[in-house]
Protein chains: 2
Amino acid sequence: MSLLDYFKISKVSSASLAKERLQILVAHERSSKNQPSYLPQLQKELLAVIQKYVNVSQDAISVSFEQDDDQETLELNIVLPDHQAKAV
Amino acid sequence: MSLLDYFKISKVSSASLAKERLQILVAHERSSKNQPSYLPQLQKELLAVIQKYVNVSQDAISVSFEQDDDQETLELNIVLPDHQAKAV
């Protein structure tokens, strides 16, 4: 199963909510533990980019970050206001 | 199964390659077809942000974009050079 398939499955289960959503996942698979993590800083810049495209407050964005020995995953879930996408 | 669980599964299957990777998924679940898609433009900005953090050429980045009635998914897969993360 590809990641794209997974998104399709999750779409069906949440379709009844009829909310517009934007989800961003960043997974960093590290070959060594001895590296600095740049995902927290990257997260700030990703949010800044997203906010150029959609009108959302910080309240509408939930962020989770998981880290283990060789994998870090940053997940941003954004509930969008209806038809509020900015024209760019 | 959460998306984070999915990343953990995919990690195991690709661990033998021992390459450092960064994967970014952006899924936009739209409530209406009559909206402009901003993911192609967003993709360019995300790549610009990523390249501030890691030294990668365009060749190391593969991008796929899928679109159906109410879901768009942008997937960026980046193979990182070993220990080349920039200090920021």
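**View 1. Buried residues of helix α2(B).** In α2(B), the buried residues (under 20% relative accessible area, 1.4 Å probe, protein chains only) are B:Leu39, B:Leu42, B:Gln43, B:Leu46, B:Leu47, B:Val49, B:Ile50 and B:Tyr53. They lie on the same side of α2(B), because the arc they cover around the axis, taken from the directions from the helix axis to the C-beta atoms, is only 165 degrees. An α-helix has 3.6 residues a turn, so residues three or four places apart point the same way. The model is predicted: local features need pLDDT of at least 70 and side-chain atom pairs pLDDT 80 or more, while totals for chains, interfaces and linings use all residues. Residues are numbered from 1 along each chain, chains are lettered from A and ligands numbered from 1 in the order written, and side-chain values use heavy atoms, without hydrogens and water.

**View 2. Packing partners of α2(B).** The buried residues of this helix pack (heavy atoms within 4.5 Å) against β1 (20–29) and α2 (39–53) of chain A, and against β1 (20–29), β2 (61–67) and β3 (71–80) of chain B. From chain A, A:Leu42 touches B:Val49, B:Ile50 and B:Tyr53, as well as A:Val26, not counting residues up to four places away in sequence.

**View 3. Surroundings of B:Glu72.** B:Glu72 is found in strand β3 of chain B (strands are DSSP E runs of at least two residues, numbered from the N terminus). It counts as buried because its relative accessibility is 0%. Not counting residues up to four places away in sequence, B:Glu72 touches residues including B:Val26, B:His28, B:Arg30, B:Ser37 and B:Phe65.

Technical notes
Buried < 20%, exposed > 50% of the residue type's maximum accessible area, 1.4 Å probe, protein only. Helix = DSSP H or I, 4+ residues; strand = E, 2+ residues; numbered from the N terminus.
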